[in-house]
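Me: Could you walk me through this protein, starting with the overall picture and then moving to a few strands and helices?

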Amino acid sequence: MTHWKATWKVSQEWSEWKRTKWERSEKRLTVPPRFQKELQVHLSRSSSTESNDSLNTSTAEAHTVAPGSSAADVLELQSRIKELLSKYSSGVRLSKMPQIYREMYWEDLSTEVLYQLENWPHVCTVEKIHRGDPIDGFVYPAKKIPPAAKSDAEQEKASQNVASPKADPLLKPNMETTPASLSSDFKAKVVGILLKYSNGLWAHALPKVYQDTYQVKFPEDILNNLELLADVCVVDYVSEVPRKAILYAKPQKCIDENLNVTEKVKRHDSVKATAEQQYEESKDQYLENITVPSLIIPSEGSVSIMVLELKNTNEVLIRYVGKEYSSAQEQMEDEMKAYYNQTSTVSSAQSLSVGQLVAVHAEEDAWLRARIISLEDNRVKVYYVDHGFSEFVESNSVCRLQKQFRSLPFQAAKCKLAGLEAFCDDPVLVKAVESQTCFKIFAVEILEKSDTPLLVLYDTSGEDDININATCLKALYDKSLELHLQADTLYTNVIVTSVSSDGSLYCQVPSKGLSRLSEVLQKLEDYFIYKTSEFNVLLPFCGKICLFPSKGKLARVEIKIIHTRRALDVQFMDSGTVATVKVSELKEIPPQFLREVIAIPPQALKCCLADLPPNTGMWTPDAVLWLRDAVINCPEFSMKVIKQDASKGIAHIYLFAPENFPDMDRSINRQIKNADLWKHQKDVFLSVAPSGTGFTKAVGDAVPALQLPSGKLEKSFPDSGREPGSAVSSMEMPPPLPLPKPGDLMDIYVSVACHPGHFVVQPWNELNNLYALMEEMILYYSRAEEKPVTIEKNKLYAAKIGDEWYRVIIKGILRNGFLSVYELDYGKHEFVSVGKVQPLLDTFRRLPFQAITAQLAGVKNQQWSEEASIVFRNLVEKKPFVAQIQAVNDSTNSWDRKIVTFLVDTSLPHIDTWIHDFVSQSLVEFSKGD
């Protein structure tokens, strides 16, 4: 049981933390008292269409619910109970109803209602456990009944019509029309038709299909009483109209049995007798006909899992963590413990069989769901379906699994780890994954949803998120090919492959691994001469290793960031360079070369220059460019390792041109330290120009470009210098976005919401064009040369914010090297470093700016409280609406234009929600309270 206890302990610790988080995140808006009733009616309106089943019954019984209750109140209550039970199709314990009702509707359910439930068969079905206790039982959704019941006279008339000469002769004349009175041949013909329609057949279409198939007219009167066919097909009524139903063929076993029922036995009596017989048998035998629903893979929000066990990386046993998963399991097991510890009402299972679902009494008085695997004398081997392990238990600790504990899907599920499939059974890899993952909780990215989903695991417990799949893949490195730099050691023929903006370098040192890499890549190049399109990357994900053609050679790359479907960032494993590339440029590693390619450790070693002044601080842009100019594209260097920082994976080195070794004063370290490159300039943007040197003092708001003698930066790709447009824009402004007229409707998306008086919308029908523009900007600016830039207020630029490039206007120039910018397509204000700004090319000025400032119509303009602003933001931000324009305030600058508009939420099927109604009734009260 230690396996289960370890799982349980981790689950308990997580649930305690998560519970407090949910309690904070799920606090609902406290509406002012005078709006509470209206809000409750509004919330339940979508389900109220089902509440008209039996108006007379409801009103007649209304007085038994609560003194003074109206018929409308009873109908609303019944509608809510129906809605509640629709989410618990396998039933709810009566004693739990008030708690569940309170969680769903934030109102108390009177105990008197529980006593009345059995009098509402059109609402629910009540099953009592003990006759002495009225609320000791279970409640289920109402059983479906025929929408229209016929009188005896109508039944007789229908029977006569069925026997008319024009009808199918297979129907037996002069008999009362009951399920048994229809001939077996006629029913068999109907079944034959329905078996061809696996998704069901509308009842009103059956006569024509029947006549076309058998060349015999179908008796139309049967459509008025479809229960006549209920013993051979499932009748699903979709409205109060008797003919408006869908017919489904029953399983063949049920059909065979029902076709042999004697004509003297009526269907309803037979069904009733069968049900009573099954109920009696269930007292002595364990019924296995109650199915447990399948586990649904989470589809929204962040997903977390706990790893339980793994046989290989294609069969990793996990449990999903979350409110509908681990927390629901925890609640169910608490309920099982309470139920099964009532020894007076629970007894051990009398007869056990392999495959049977049972409840097992585990340690610490816990009760767990399990399936029997094998039986050996008085011992039973069980598999715990929610915890994913097996063990032997005594037969007297096994009890029947009651129906109420079968509504939750089995929580133990399997998954595959992406990128490890080809080595799934490798013992070294399996051991690495097991040590990194078992009984730990991870955030996951779901790449493919299937019976065994494909996942990437992330450890988010530290400062940086760790890709577990990529980390475990390193276990397959060939240790003989690894190179560990030694302190106080000299290395020659060193190539510097990359210089980062923080001054760190990536170097290649001659080694066995570098030679092996060259051999393998040459074999791949020879192979790809005849193979091309079949190795395109179809499913990119972070941590995936691919091939990329660079400068006429193949290179190994690892995917780091996925921007869009077309663009992503990769790091060259053997040079350290990070670049943005198109997905279509990547190639899969052919299976026969995969192990060879993966086994070679990355050949780019991360280093930094040693003994620089301790007060150097952040590297200045001109210092970085000086270092790049000094070391990139030089044939080779000599390198002396001073020390190795294992925690950061970086070596501190002295770097020499071959002719300068071992003169320390002529090392790259001393040269850059003595150069006047470490003074941080204020309000100056680093750029490259063909000629001229020195800094130019800024005048007014304009900041001239910094001129450096180094010429051009080294490009990562041969074609990245080709521009989509001129560096100096000849097109000052894009065309203005056409705005609708007052009274017009417009589909919009709210990108930013501050409060009802200020939010930003985007035209819905232009979003695809905007996404395409963003992709092109990412691909261009990530691969292009840096250009001379003059920073001026109220001018347009491209700025890198996060991992994306945006069209911005400069709103302010700060004295600390940062700029205040406004995103012209999204309506956000941001601060960016001057080093993140580039010219906005003509190509990227053709699409009108997409952000439209807006104000909510229908409410008074006022000072909104912080609470009201938060509620409004959660209500509308990052959501689509229909806007009905009330007024348009135009302006010369597109970012200064403003609309006053109503917002309508049309996401619900039958209800349109006007946001200003909610704001004026609820949020105004918040602001008044302040």
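Here is a friendly round of questions and answers on this predicted model.

Me: How many helices and strands are there in the protein?
Reply: Happy to start there. The protein has 930 residues, and buried residues make up 46% of them. Its secondary structure comes to 21 helices and 37 strands.

Me: What share of the contacts with a separation of 6 or more comes from residues 24 or more positions apart?
Reply: Here we set aside contacts between residues with a separation below 6. Among those that remain, residues 24 or more positions apart account for 63%.

Me: How much area does the protein expose, and what part of that do carbon and sulfur atoms supply?
Reply: The exposed area is about 47900 Å². Of this, the part from carbon and sulfur atoms is 50%.

Me: Is Cys546 buried or exposed, and how many disulfides does a search find?
Reply: Cys546 has 0% relative accessibility, so this residue counts as buried. Cys754, with a relative accessible area of 31%, is partly exposed. As for disulfides, a search of the whole structure gives 0.

Me: Which strands stand at the edges of the sheet that holds E29?
Reply: This open sheet has 5 strands in the order E32-E31-E30-E29-E33, paired antiparallel. The edge strands each have a single partner, so one side of each is left without a neighbour in the sheet; they are E32 (829-833) and E33.

Me: What is the average twist in that sheet, and which helix packs on it?
Reply: From one strand to the next, the twist averages 50°. The helix that packs on the sheet touches E29, E30 and E33, and its direction makes about 85° with that of E30. This helix is H19 (residues 767-781).

Me: How many residues of strand E29 are buried?
Reply: E29 covers residues 796-801 and is joined to E30 (residues 804-813) by 6 bridges. Another 3 bridges join E29 to E33 (residues 837-839). The strand is mostly covered, and its buried residues number 5 of 6.

Me: Which residue takes a positive phi in the hairpin of E29 and E30?
Reply: The hairpin has 2 residues between the strands. The one with a positive phi, near 70°, is Gly802.

Me: Which residues stand opposite Tyr797 in E30 and E33?
Reply: In E30, Tyr797 faces Val808, and the bridge partner of Val808 in E31 is Glu823. In E33, the residue opposite Tyr797 is Pro839. The two names you asked for are thus Val808 and Pro839.

Me: Is Pro839 buried or exposed, and what separates its C-alpha atom from that of Leu796?
Reply: The cut-off for buried is under 20% relative accessible area. Pro839 has 11% relative accessibility and therefore counts as buried. Leu796 is 43 residues away along the chain, yet the two C-alpha atoms are separated by 7.7 Å.

Me: Are H8 and H9 roughly parallel or roughly perpendicular to each other?
Reply: H8 (residues 184-194) and H9 (residues 206-214) have axes 11 Å apart. Residues that meet include Phe186 and Ile193 in H8, with Leu206 and Tyr210 among those in H9. The packing angle is about 100°, so the two helices are roughly perpendicular.

Me: Which residue in E3 is the bridge partner of Lys128?
Reply: An open sheet of 3 strands has the order E1-E3-E2. E2 and E3 (residues 137-141) run antiparallel and are joined by 5 bridges. In E3, the partner of Lys128 is Gly137.

How values were computed. Residues numbered from 1 in each chain as written. Predicted model: local features only at pLDDT ≥ 70, side-chain atom pairs only at ≥ 80, totals over all residues. Heavy atoms only, no water. Pairing = 2+ DSSP bridges. Helix = DSSP H or I, 4+ residues; strand = E, 2+ residues; numbered from the N terminus. Disulfide = S-S within 2.5 Å. Buried < 20%, exposed > 50% of the residue type's maximum accessible area, 1.4 Å probe, protein only. Contact = heavy atoms within 4.5 Å. Areas by Shrake-Rupley, 256 points an atom, 1.4 Å probe, with all protein chains shown as cover. Axes fitted to C-alpha atoms, helices over the stretch in contact; angles between N-to-C directions. Parallel < 35°, antiparallel > 145°, perpendicular 65-115°, else oblique.
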